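Let's take a walk through this one together, from the outside in. Keep the viewer open as you read.

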Amino acid sequence: MTAERVCTLDELEVNKAFRVVLEGTAIVVVKDSAGEVHAIGDTCTHGDISLAEGFVEDDAIECWAHGSTFSLRTGKPQNLPAYEPVPVFVVNVDADGVVSIDPHEIVSV
């Protein structure tokens, strides 16, 4: 599979979730305060809630419904009630600042 263009670095606000759907897979893209871009599965593993509607702080995103936070780097939940991780996708940023993701290339689950 090939990575698909999702946005540019300029279109991403720091610590704000950006939701995309690639080949039927909902993904949250986040540029953290250090400028690193992350891509994780958009669905909270506890309650089928969109994480894109949650709050981003440091290197984690919080599910607004139940308060579970997920690491943007590993996808692992950092607190209950969620205990299953969300997938983390490989992010490619080219020299022009174009952000691309392959929804089939998962770093960790």
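About 5700 Å² of the protein is exposed, and carbon and sulfur atoms supply 47% of that area. Bear in mind that you're looking at a predicted model. On the inside of the ledger, buried residues account for 43% of the 109 residues.

Now for the overall build. The protein has nine strands and zero helices, so reading from the N terminus you simply get β-β-β-β-β-β-β-β-β. Its radius of gyration is 13 Å, close to the 13 Å from the globule rule for 109 residues, so the protein is as compact as a globular protein of that length. If you'd rather think in box dimensions, the C-alpha trace spans about 40 × 30 × 20 Å along its principal axes. As for contacts between residues at least 6 apart in sequence, 36% of them join residues at least 24 apart.

Strand 9 is a good place to zoom in. This strand, residues 98–108, pairs with strand 1 (residues 4–8) in the antiparallel sense over four bridges, and there you'll find Glu4 opposite Ile101. Strand 9 also pairs with strand 8 (residues 88–93), again antiparallel, over five bridges; here Val93 stands opposite Val99. The hairpin of strand 8 and strand 9 has four residues between the strands, and Gly97 in this hairpin takes a positive phi near 85°.

While you're on strand 9, look at Asp102. Is this acidic side chain's residue buried or exposed? With a relative accessible area of 6%, Asp102 falls under the 20% cut-off, so it counts as buried. A polar atom of its side chain lies 2.8 Å from the backbone nitrogen of His104. Asp102 is also 7.7 Å from Val91, C-alpha to C-alpha, with their positions 11 residues apart in sequence terms.

Another aspartate worth a look is Asp42, in the loop between strand 4 (37–41) and strand 5 (55–57). Its relative accessibility is 2%, which is why Asp42 counts as buried. A polar atom of the Asp42 side chain lies 2.9 Å from the backbone nitrogen of Ala52. Leaving aside residues up to four places away in sequence, Asp42 touches several others, including Arg19, Ile27, Ile49 and Leu51.

Finally, the greasy parts. In soluble globular proteins, nonpolar side chains tend to be buried together. Here the largest nonpolar core holds 16 residues, of which Ala17, Val28, Ile40, Leu51, Ile61 and Phe70 touch the most other members. A second, separate core has 12 residues, among them Cys7, Val29, Ala39 and Phe89.

Notes
Residues numbered from 1 in each chain as written. Predicted model: local features only at pLDDT ≥ 70, side-chain atom pairs only at ≥ 80, totals over all residues. Heavy atoms only, no water. Pairing = 2+ DSSP bridges. Helix = DSSP H or I, 4+ residues; strand = E, 2+ residues; numbered from the N terminus. Buried < 20%, exposed > 50% of the residue type's maximum accessible area, 1.4 Å probe, protein only. Polar contact = N/O pair within 3.5 Å; in protein donor to acceptor, adjacent residues only side chain to side chain. Contact = heavy atoms within 4.5 Å. Core = buried A, V, L, I, M, F, W, Y, C linked by side-chain atoms within 4.5 Å. Rg over C-alpha atoms; globule rule 2.2 N^0.38 Å. Areas by Shrake-Rupley, 256 points an atom, 1.4 Å probe, with all protein chains shown as cover.
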